[in-house]
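Below is a briefing on one protein structure, arranged by topic. Please read it alongside the sequence and the coordinates.

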Amino acid sequence: MAALSLRVVAECRRSRARACELRLPHGCVECPAFMPVGTQGALKGLTAAQLAALGCRLCLGNTYHLGMRPGPELVRKSGGLHGFMHWPWNLLTDSGGFQMVSLVELSEVTEEGVLFRSPYDGKEILLTPEKSIEIQNALGSDIMMQLDDVVSSTVSGPRVEEAMFRSIRWLDRCIAAHRTPDKQNLFAIIQGGLDPALRTKCLEEMTKREVPGFAIGGLSGGEAKDHFWRMVALSTSRLPRDKPRYLMGVGYSRAFLHALFRHDTAAMHHVTVHNIAYQLNLMRSIRESIIQQRFPQFVQDFMKTMYGHRESYPQWATEALASIGIALE
């Protein structure tokens with residue numbers, strides 16, 4: 001039995017936009033939601049208490065880095081990642097798969113798993129689907145991600161197909177290795193790159209598995225936005241309505257001023273607060289507009305505020321919105 005429940009509170013009559021309540025072991029998450037990244041058990045520039053005060057109820061930890069340092073056993077002895085971070089709300093841990101792209105020069109992929117060379121001491125570490133799940137079980141996250149075979153979204157050809165089918169096989173191994181399904185929720189990750197046929201095949205196979213949620217992976221890696229939104233639309237159209245969806249790797253910011261404040265820690269702190277608050281407030285505004293059945297108007301107002309004139313709207317955004325029945329004025 002899954003350790004989550006999803007309730008659709010409202011749905012936009014014109015588009016596919018939904019407002020939901022996602023109930024997890026450490027509280028309710030109002031969706032849509034933005035999830036800040038605390039790679040090694042901490043968000044840079046903010047304490048856990050400050051993050052909670054902003055209204056965040058779900059944040060992310062990185063399995064690969066936490067598995068390296070401080071290691072799963074130390075985290076387990078600290079009461080899991082929640083205790084280690086002093087974080088009372090929900091946590092999602094990724095599987096370590098993204099490091100196949102971000103640390104591509106230090107990794108080698110085989111059917112068994114991914115062989116990494118540690119960026120800390122150079123030691124070789126084999127991350128298998130079973131090992132990824134073992135680490136995530138020790139971390140105690142509310143949502144765990146399957147280990148998938150990740151390739152850059154700008155890659156095409158046979159490697160994309162190989163990675164998609166391997167991700168399906170690795171999902172089965174992750175399901176078999178998962179020891180606490182009554183406490184932690186294992187999500188599948190849809191792959192297939194920018195190929196509609198491959199992504200459709202992955203959707204067909206993965207939705208046959210009994211998992212409590214799905215992620216849309218393999219995007220936001222430098223591909224054209226026109227390709228990006230089409231793959232998202234394809235994926236969401238075929239995912240189960242009664243299960244949560246997680247769009248991986250997406251986050252927008254209008255105030256990333258890190259370069260200006262590189263040596264001013266106080267300024268960096270305030271910029272981080274601003275960025276997180278902006279993202280969380282944006283999600284709340286979107287959710288409220290869906291509940292009040294005025295989401296299309298919210299989008300119209302948002303685009304005007306962001307870009308001023310219709311002539312300045314990105315073509316990909318105009319086409320993406322038109323595909324769900326929102327014609328920008």
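E4 and E5 run parallel and are joined by four bridges. The model is a predicted one, and this pair belongs to an open parallel sheet of six strands. The points below cover the sheet, then a helix that lies across part of it, then the cysteines and one loop residue.

**The sheet**

- The strand order is E4-E5-E9-E10-E11-E12, with parallel pairing.
- Strand E4 (58-61) and strand E12 (245-247) stand at the edges; each has a single partner strand, so one side of each lacks a neighbour in the sheet.
- On average, neighbouring strands of the sheet are turned by 25° against each other, direction ignored.
- Strands of a sheet pair through backbone hydrogen bonds, in either a parallel or an antiparallel sense.

**Strands E4, E5 and E9**

- Within the E4 and E5 pair, Leu58 stands opposite Asn90 in E5.
- In a regular strand, side chains alternate between the two faces of the sheet.
- In E4, Leu58 and Leu60 point one way, while Cys59 and Gly61 point the other way.
- All four of these E4 residues, Leu58, Cys59, Leu60 and Gly61, are buried.
- Strand E5 (residues 90-93) also pairs with E9 in the parallel sense, over two bridges.
- Leu92 is the residue that stands opposite Ile143 in E9.

**Helix H6**

- Helix H6 (residues 129-139) has eight of its 11 residues buried, so the rest of the structure largely encloses it.
- The buried residues are Pro129, Ser132, Ile133, Ile135, Gln136, Asn137, Ala138 and Leu139.
- H6 lies across E5, E9 and strand E10 (185-190), and runs at about 165° to E9.
- An angle over 145 degrees counts as roughly antiparallel, so H6 and E9, at about 165°, fall in that class.
- Gly140 follows H6 and has a positive phi, near 75°.

**Packing of H6 against H7**

- The axes of H6 and H7 come within 8 Å and cross at roughly 40°.
- The two helices, H6 and H7, are therefore oblique to each other.
- The crossing of H6 and H7 is right-handed.
- On the H6 side the contact involves Pro129, Glu130, Ile133 and Asn137.
- These residues meet Trp170, Arg173, Cys174 and Ala177 in H7.
- Pro129, Ile133 and Asn137 are also among the buried residues of H6.

**Cysteines**

- The structure holds zero disulfides.
- Cys20 is in no disulfide, and the nearest cysteine sulfur, that of Cys31, is 6.1 Å away.
- Cys20 has a relative accessibility of 4% and so counts as buried.
- For Cys56, the closest cysteine sulfur is in Cys59, at 5.3 Å, which is too far for a bond.
- The cut-off for a disulfide is 2.5 Å between the sulfur atoms.
- Cys56 has a relative accessibility of 1% and so also counts as buried.

**Val155**

- Val155 is found in the loop between strand E9 (143-145) and helix H7 (158-177).
- Its relative accessible area is 34%, so Val155 is partly exposed.
- Val155 and Glu223 are 68 residues apart along the chain, and their C-alpha atoms are separated by 9.2 Å.

Notes:
Residues numbered from 1 in each chain as written. Predicted model: local features only at pLDDT ≥ 70, side-chain atom pairs only at ≥ 80, totals over all residues. Heavy atoms only, no water. Buried < 20%, exposed > 50% of the residue type's maximum accessible area, 1.4 Å probe, protein only. Pairing = 2+ DSSP bridges. Axes fitted to C-alpha atoms, helices over the stretch in contact; angles between N-to-C directions. Contact = heavy atoms within 4.5 Å. Parallel < 35°, antiparallel > 145°, perpendicular 65-115°, else oblique. Left-handed = near helix turned anticlockwise from the far one by under 90°.
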